[in-house]
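Thanks for passing this one along for a second look. My comments follow as numbered points, best read with the coordinates open beside you.

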10 protein chains.
Amino acid sequence: MLFKVDMQVNIPLDADPAVIEDIKREEKAYSQALQQAGKWRHIWRVAGQYANVSIFDVENAQELHDVLLGLPLYKFMEIKVEALCRHPSSIRDDDR
Amino acid sequence: MLFKVDMQVNIPLDADPAVIEDIKREEKAYSQALQQAGKWRHIWRVAGQYANVSIFDVENAQELHDVLLGLPLYKFMEIKVEALCRHPSSIRDDDR
Amino acid sequence: MLFKVDMQVNIPLDADPAVIEDIKREEKAYSQALQQAGKWRHIWRVAGQYANVSIFDVENAQELHDVLLGLPLYKFMEIKVEALCRHPSSIRDDDR
Amino acid sequence: MLFKVDMQVNIPLDADPAVIEDIKREEKAYSQALQQAGKWRHIWRVAGQYANVSIFDVENAQELHDVLLGLPLYKFMEIKVEALCRHPSSIRDDDR
Amino acid sequence: MLFKVDMQVNIPLDADPAVIEDIKREEKAYSQALQQAGKWRHIWRVAGQYANVSIFDVENAQELHDVLLGLPLYKFMEIKVEALCRHPSSIRDDDR
Amino acid sequence: MLFKVDMQVNIPLDADPAVIEDIKREEKAYSQALQQAGKWRHIWRVAGQYANVSIFDVENAQELHDVLLGLPLYKFMEIKVEALCRHPSSIRDDDR
Amino acid sequence: MLFKVDMQVNIPLDADPAVIEDIKREEKAYSQALQQAGKWRHIWRVAGQYANVSIFDVENAQELHDVLLGLPLYKFMEIKVEALCRHPSSIRDDDR
Amino acid sequence: MLFKVDMQVNIPLDADPAVIEDIKREEKAYSQALQQAGKWRHIWRVAGQYANVSIFDVENAQELHDVLLGLPLYKFMEIKVEALCRHPSSIRDDDR
Amino acid sequence: MLFKVDMQVNIPLDADPAVIEDIKREEKAYSQALQQAGKWRHIWRVAGQYANVSIFDVENAQELHDVLLGLPLYKFMEIKVEALCRHPSSIRDDDR
Amino acid sequence: MLFKVDMQVNIPLDADPAVIEDIKREEKAYSQALQQAGKWRHIWRVAGQYANVSIFDVENAQELHDVLLGLPLYKFMEIKVEALCRHPSSIRDDDR
């Protein structure tokens, strides 16, 4: 099942840069493992923002919840979730 | 260049259903031609809404504008545009 | 899979009352059939509003979308959807 | 009398994790005691959020107020309350 | 049980003034009967607006819902409801 | 002259509980003195919130301003003010 | 007593221009009579908008309400009211 | 040229009261000097708020900007600016 | 003096296309005359919207108001105005 | 390709003024280098705000993103981006 997730990252101004760099490295590894597993289908950067638009392909809302709460940057994020389904005009077999 | 476009369709309650059906047929053909040309990369339905989330791959903002204004349902739509770029964590070569 | 759906009904002031009564009767029958089938688990009235809060139990977002678009009052509704999952503190086996 | 309550939990970034874990344990016990007493009828997790949707069955607004202010996590919560009543289409005797 | 209700009245510009005057007369009678019955405790006009702030004293949310839906002007109203309870600093015995 | 005032109290999470308890005691005394003087006509708790809805009866906006700025909890409050006048449907002589 | 009032005028697109011109003439005469009586102290146009910012000096909220509801353009207006009082830094004796 | 400026002052809860008192004294002197110079035409307190509504009469937007940034309390303020012009119904020669 | 103006055009769905085409032709001529006179410095289309971002260089707010109210499409527009001044980092002599 | 960017700068109240002065000096140099390179076409100050309206001329969204994230003040900024294209009424060859 597909979900669109908008993630906005708000790093506190007084955060320790070294700690943040570590978390970002973990975040990248976490995201890429989920991409390779086919769970995190797409991720794009929003121009000018520390934010992304992502498409997840998971079993259900529970799996989405577990994946999002596992994000190393989760506690700094503002997240919006929208459940998606196949569009009748789509010609791609994988966009469902 | 990639853009995420959110389209919300608001058909007036007093519209002639036959006319609307014709416009929807044109909309579908228009969308599928652009998908086949590689301009309209993805289109998903938002669950419960007469709305979609789309990803466009166009030369620039001018081409996006021309494509959107050509939508047969354009005059009934509320549209939001966000410019996207490649996310540094992405593993897909085509999401740029 | 569970979804919370908020439905706000906006009947146009110039609608024909007899037509609206017919649609409301169909809406009630449609809702009760889905409740008996176990798809529409709960429906409550919001006090003072022509609105309801509902819990749906469906296969996935596609089934939710089909159920909602089939609502006889759909074209008069403003709808909000939230995907739910089991709360770790819940003691009810059926709230998942 | 039924109330829908939306609770969004915002733990400060600099909170002591051990203290928070203790409060969450108390919160779970508090919630489950109220569920067993029939006061807190339903609780669902909102996918992707540290938030829940709950249905309370209490004597009146005063009892709801006392129950909510007693939540161990109350000071971290943003809360919305809506009074509910039986929906005329409902087929469940207990959703009133 | 007490509820604060904010009512904003939006009469359509093309409404027949004679019909509206009739409805307003019915509204006044309806409101005064409920005030005399002790159900509608207070009603104040908001300065500069076709709006009021009201305090209702009803058995429960169901009675409030029935009272509000019975308002002759209901279909022109935008309504907000808040459940109230006794304030610990209040010195009036009747504000509960 | 009557004003409706909505007060939302936001105590900082790191406030000293003993200091806050003192301020709340002063707030209660301050409110009750004004109630006894007939300036603060009504105060109700909003269910589930650290907030109240109040009706003030003061000479003019200047007196309202002085009364509100004198609130011991004022610096923690978010305040909304609406000027009220007698509603033509009201049957109470004192709601003016 | 002073009030700041923001008035936004929304003339319906299908209004009869001759009728609107008549109402605007009445509005101007009504406004100027109140200005001469000292009730409507200031009126400024907001640049680029069919809107004004006004300062009224009236006995109380009831008089303000009566003045505003008497505006010939009232039914086309969106109105915001704020009660004002003397600013301690003001050097003008008349701005109270 | 006239501008309406809304200023909302947000003093941080942990500010040193003595420092704030000094800044407020400077603010008052700064405001009164500009009032005497005819640049700051009006200033009113918004009832119940630490906020004011002001009318400035300056050469142009640059002078307004310089005046506002010079406010001793500027860094604590949330500011809204609207350019004004003479209202065709105004009878005052100085409200332009 | 410079102003940024955002114009959003909302043509009613039932407008006569021939009439609208005429108004758009007038709008273009009106805009280009003002551009040639140096009053309307810049105009850009917002991608995907029937909207523009414009920079005006006028004597004062009164001239801006007259120019905007003269727009043939004015009655269909939602307009936002912001007064601009020279940015201290700007290297262009004409952006003041 | 053109983008309009609105930048609002929020310097924390407890920031070290000397550090902020250094960052502002870097910001100015960074901005002027990009202006000289033709990437940052226009920058205007919004009157009364620590904010600017800017027009960028970049290859694509990726270049815009890199330019914005490189701003020395970026971490203090709230940013809004809109993709622009040539307006059919524009008479300037460079506004594309």
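**Notes on the model**

1. Let me begin with a helix end in chain B. Asn60(B) acts as the cap at the N-terminal end of α2(B), with one of its side-chain oxygens 3.2 Å from the backbone nitrogen of Gln62(B). Please keep in mind throughout that this is a predicted model.

2. Staying with that helix, which residues of α2 (residues 61–69) of chain B are buried? They are Ala61(B), Glu63(B), Leu64(B), His65(B), Val67(B) and Leu68(B). The cover over these buried residues of α2(B) includes β1 (2–9), α1 (17–36), β3 (51–57) and β4 (77–86) from chain B itself. It also includes β2 (40–46) of chain I and β4 (77–86) of chain J.

3. For the overall fold, chain A is a convenient example. Chain A has 2 helices and 4 strands, and their order along the sequence is β-α-β-β-α-β. Its C-alpha atoms fill a box of roughly 50 × 25 × 20 Å along the principal axes. Chain A has 96 residues, of which 53% count as buried. Taking the contacts in chain A with a separation of 6 or more, 68% join residues 24 or more positions apart.

4. The pairing of chains I and J deserves some time. Here 30 residues of chain J are in contact with 30 residues of chain I. The area buried between chain J and chain I is about 2,800 Å², and carbon and sulfur atoms give 59% of that area. Within chain J, the residues that lose the most area to chain I are Trp44(J), Arg45(J) and His87(J), which together make up 23% of what that side buries.

5. What about polar links across this interface? Between chain J and chain I there are 18 residue pairs in polar contact, both residues being at pLDDT 80 or more. On the side of chain J that touches chain I, β1 (2–9), α1 (17–36), β2 (40–46), β3 (51–57) and β4 each supply at least two residues. The largest share, 6 residues, comes from β2(J). By residue type, this side of chain J divides into 12 nonpolar, 9 polar and 9 charged. The interface of chain J and chain I also has 2 salt bridges. Asp6(J) forms a salt bridge with Lys4(I), where the closest N and O atoms are 3.8 Å apart.

6. The symmetry of this pair is easy to describe. A turn of 180° with a shift of 0.0 Å along the axis lays chain J on chain I with an RMSD of 0.0 Å. The two copies are thus related as by a two-fold rotation axis. In addition, 100% of the interface residues of chain J are also interface residues in chain I, so the copies meet through the same surface.

7. One residue to inspect at this pairing is Ser89(I), which sits in the segment after β4 (77–86) of chain I. Is Ser89(I) buried or exposed? Its relative accessibility is 8%, so Ser89(I) counts as buried. Beyond its neighbours within four places in sequence, Ser89(I) is in contact with Lys28(J), Ser31(J), Gln32(J) and Gln35(J).

8. Next, chains E and G. The contact takes 7 residues from chain E and 11 residues from chain G. The buried area between them is about 640 Å², with 61% from carbon and sulfur atoms. Leu13(E), Ala47(E) and Gly48(E) supply 72% of the area that chain E buries against chain G, more than any other three residues. How many salt bridges cross the interface of chain E and chain G? The count is 0, while 3 residue pairs are in polar contact, both members being at pLDDT 80 or more.

9. Tyr74(G) is worth a close look here. Tyr74(G) lies in the loop between α2 (61–69) and β4 (77–86) of chain G and, at 16% relative accessibility, counts as buried. Apart from residues up to four places away in sequence, Tyr74(G) touches Gly48(E), Gln49(E) and Tyr50(E), along with Leu68(G), Leu69(G) and Ile79(G). Its side chain reaches the backbone oxygen of Gly48(E) at 2.9 Å.

10. Finally, Ile23(G) belongs to helix α1 (residues 17–36) of chain G and is buried, with a relative accessible area of 13%. Ile23(G) and Pro72(G) are 49 residues apart in sequence, yet their C-alpha atoms are 6.0 Å apart. Setting aside residues up to four places away in sequence, Ile23(G) touches Pro72(G), Leu73(G) and Phe76(G).

Key. Residues numbered from 1 in each chain as written. Chains lettered and ligands numbered in written order. Predicted model: local features only at pLDDT ≥ 70, side-chain atom pairs only at ≥ 80, totals over all residues. Heavy atoms only, no water. Contact = heavy atoms within 4.5 Å. Buried area = accessible area lost by both parts, 1.4 Å probe. Salt bridge = Lys/Arg side-chain N within 4 Å of Asp/Glu carboxyl O. Polar contact = N/O pair within 3.5 Å; in protein donor to acceptor, adjacent residues only side chain to side chain. Buried < 20%, exposed > 50% of the residue type's maximum accessible area, 1.4 Å probe, protein only. Least-squares fit on C-alpha atoms with pLDDT ≥ 70 in both. Nonpolar A, V, L, I, M, F, W, Y, C, P; charged D, E, K, R; others polar.
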